[in-house]
Amino acid sequence: MGGGDLPKGVNLRDAIRCAIEGSTFSVVILSREFASSQFRLDELVQIKEQHAAGTHACLPVFFHISPDDDCATLVVDSGSGSCFHDYFNLYKTQFTYRRVHAWIQAIAWLAGISGWVLTAGRSVI
């Protein structure tokens, strides 16, 4: 078994939670489809909480998304043309306000961190 393999039957969500808690650094790739997964959004909230506690650093990678845009606006503004908006409109009908709001805050927090921007075959740090 390689260093990153999990034995069969291990709960992936719990394993990732433990991995985040046991690490001091995360690389988060924020793409146009990032918000399509509640699982990823929950991980981002956990990373944000670890960072707030002073035990974790985070490097965002903006993949075909501009950090210059206010990502919280991308979530709530239908006029922005963001795919985030559609996901969050759906989530608002499926999940509690508290959970959805935590996701929105985590995305806005990530957008405020200096990171890598990858667009059209070039990268900017």
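**A shared aspartate, three strands and a core**

Arg99 is partly exposed, with a relative accessible area of 29%, and I would like to begin from this residue today, keeping in mind throughout that we are looking at a predicted model. Arg99 forms a salt bridge with Asp42, and the closest N and O atoms of the two are 2.5 Å apart. What makes the pair worth pointing out on the screen is that it links distant parts of the chain, since Asp42 sits in helix 2 and Arg99 in helix 5, 57 residues apart.

Now, which other side chain meets Asp42 in a salt bridge? It is that of Arg13, with an N to O distance of 3.2 Å. Asp42 belongs to helix 2 and Arg13 to helix 1, which covers residues 12–22, so this pair ties together parts that are 29 residues apart in sequence. Through shared partners, the salt bridges join Arg13, Asp42 and Arg99 into one network, and the count of salt bridges comes to two. In general, side chains of opposite charge can pair when their charged atoms come close.

Is Asp42 itself buried or exposed? Its relative accessibility is 17%, and because the cut-off for buried is under 20%, Asp42 counts as buried. Arg13, by contrast, has a relative accessibility of 41% and counts as partly exposed.

Let me turn from the helices to the strands. Strand 1 and strand 2 run parallel and are joined by six bridges, with Phe25 standing opposite Ala57 in strand 2. To get from strand 1 to strand 2 the chain passes through helix 2, and this β-α-β crossover is right-handed. Strand 2 also pairs with strand 3, residues 116–119, again in the parallel sense, over three bridges, and here Val61 has Trp116 as its bridge partner in strand 3. Five of the seven residues of strand 2 are buried, so this strand is largely enclosed by the rest of the structure.

That leads me to the interior. The largest nonpolar core has 25 residues, and those with the most contacts inside it are Leu44, Phe84, Phe88 and Leu110. At least two core residues come from each of strand 1 (25–30), helix 2 (38–52), strand 2 (57–63), helix 4 (83–94) and helix 5 (97–111). Which of these gives the most to the core? It is helix 5, with seven residues.

So, to close where we started, please look once more at helix 5, which carries Arg99 and also gives the most residues to the core.

Technical notes. Residues numbered from 1 in each chain as written. Predicted model: local features only at pLDDT ≥ 70, side-chain atom pairs only at ≥ 80, totals over all residues. Heavy atoms only, no water. Core = buried A, V, L, I, M, F, W, Y, C linked by side-chain atoms within 4.5 Å. Buried < 20%, exposed > 50% of the residue type's maximum accessible area, 1.4 Å probe, protein only. Helix = DSSP H or I, 4+ residues; strand = E, 2+ residues; numbered from the N terminus. Pairing = 2+ DSSP bridges. Right-handed = clockwise from strand over helix to strand, strands pointing away. Salt bridge = Lys/Arg side-chain N within 4 Å of Asp/Glu carboxyl O.
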